[in-house]
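Biologist: Please take a close look at one part of this model, and follow it outward to the contacts and pairings that surround it. I should like every cut-off to be stated where the term is used.

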Amino acid sequence: MRVMAIDYGDRRIGIAVSDALGVLCGDAFTMQEWNMERAAQRIAEEAKARGVTTLVLGLPRNMDGSEGERAALSRDFAALLERETGLAPVLWDERRSSVEAHAILHANGKRMKDHRKTVDAVAASLMLEGYLASRARRDSAE
């Protein structure tokens, strides 16, 4: 069961894909696409090529838990992804994922100027790891 996590942004989209067992992050990359419909089509192609069975899409919430304009865009993008892939994305609270991704890159010696090339892929990886851990805890409790 392969899982794909998506950190949707206006210019760049971070994507992380699990290993075949759906236990670890196997691959992470950044896709540049400005058009929401083309982005959904490209992600659908990637998901099909990689045998993805679950999509996890970041839902940017405010720190107080409320939803703003970015969350509405993510919900719209989720509808497009479902139409293109046939998979209903799991909406995942991505609060602080970008902040943590920047911290990881900084701790590994990356200059701030270079962060934008990879920060979205790292953020998607963090979302994927969170989702996989959550699913593992749920499965062990049952």
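Modeller: Asp-120 is buried, its relative accessible area being 13%. Here, buried means under 20% relative accessible area, exposed means over 50%, and partly exposed lies in between, with a 1.4 Å probe and protein chains only. The model is predicted, so local features need pLDDT of at least 70 and side-chain atom pairs count only at pLDDT 80 or more, whereas totals for chains, interfaces and linings use all residues. Residues are numbered from 1 along each chain as its sequence is written, and side-chain values use heavy atoms, with hydrogens and water left out.

The side chain of Asp-120 meets that of Arg-12 in a salt bridge, at 3.2 Å from N to O; the term requires a side-chain nitrogen of Lys or Arg within 4 Å of a carboxyl oxygen of Asp or Glu. Asp-120 belongs to helix H4 (residues 112-141) and Arg-12 to strand S2, so the pair ties together parts that are 108 residues apart in sequence. Helices (H or I, at least four residues) and strands (E, at least two) are DSSP runs, numbered from the N terminus. In contrast to its buried partner, Arg-12 is partly exposed, at 23% relative accessible area.

Side chains of opposite charge can pair when their charged atoms come close. The search of the whole structure finds 8 salt bridges. Another of them joins Arg-42 and Glu-33, with 3.3 Å between the closest N and O atoms. Glu-33 is buried at 8% relative accessible area, and Arg-42 is partly exposed at 33%. A further one joins Arg-50 to Glu-46, where the closest N and O atoms are 2.7 Å apart. Both of these residues lie in helix H1, 4 residues apart, or about one turn of the helix. Arg-50 is partly exposed at 26%, as is Glu-46 at 25%. Asp-27, Glu-46 and Arg-50 are joined into one network by salt bridges that share partners.

Strand S2, which holds Arg-12, also takes part in the nonpolar interior. The largest nonpolar core has 19 residues, and those with the most contacts inside it include Met-4, Ile-15, Ile-43 and Phe-77. Such a core is a set of buried Ala, Val, Leu, Ile, Met, Phe, Trp, Tyr and Cys residues joined through side-chain atoms within 4.5 Å. Elements giving two or more residues to it include strand S1 (2-7), strand S2 (12-18), helix H1 (36-50) and helix H2 (69-85). Apart from its neighbours within four places in sequence, Ile-15 is in contact (heavy atoms within 4.5 Å) with residues that include Met-4, Asp-27, Ile-43, Ala-121 and Ala-124. A second, separate core of 9 residues includes Ala-5, Ala-16, Ala-124 and Tyr-131.

There are 2 aromatic pairs. Rings of Phe, Tyr and Trp (its six-membered ring) pair if their centres lie within 6.5 Å; planes under 30 degrees apart count as stacked, over 60 as edge-to-face and the rest as tilted. The rings of Tyr-8 and Phe-77 are stacked, because their centres lie 4.1 Å apart and their planes stand at 20°. This pair links distant parts of the chain, 69 residues apart, with Tyr-8 in the loop between S1 and S2 and Phe-77 in helix H2. Tyr-8 is buried at 10% relative accessibility, and Phe-77 is buried at 0%. The rings of Trp-92 and Tyr-131 form an edge-to-face pair, because their centres are 5.7 Å apart and their planes stand at 85°. Trp-92 is in strand S5 (residues 90-93) and Tyr-131 in helix H4, 39 residues apart. Trp-92 is partly exposed at 22%, while Tyr-131 is buried at 10%.

The loop between S2 and S3 presents the exposed side of the picture, for it holds Val-23 and Leu-24. Val-23 counts as exposed at 52% relative accessibility, and Leu-24 at 54%. The C-alpha atoms of Val-23 and Leu-132 are 6.3 Å apart in space, although the two are 109 residues apart in sequence.
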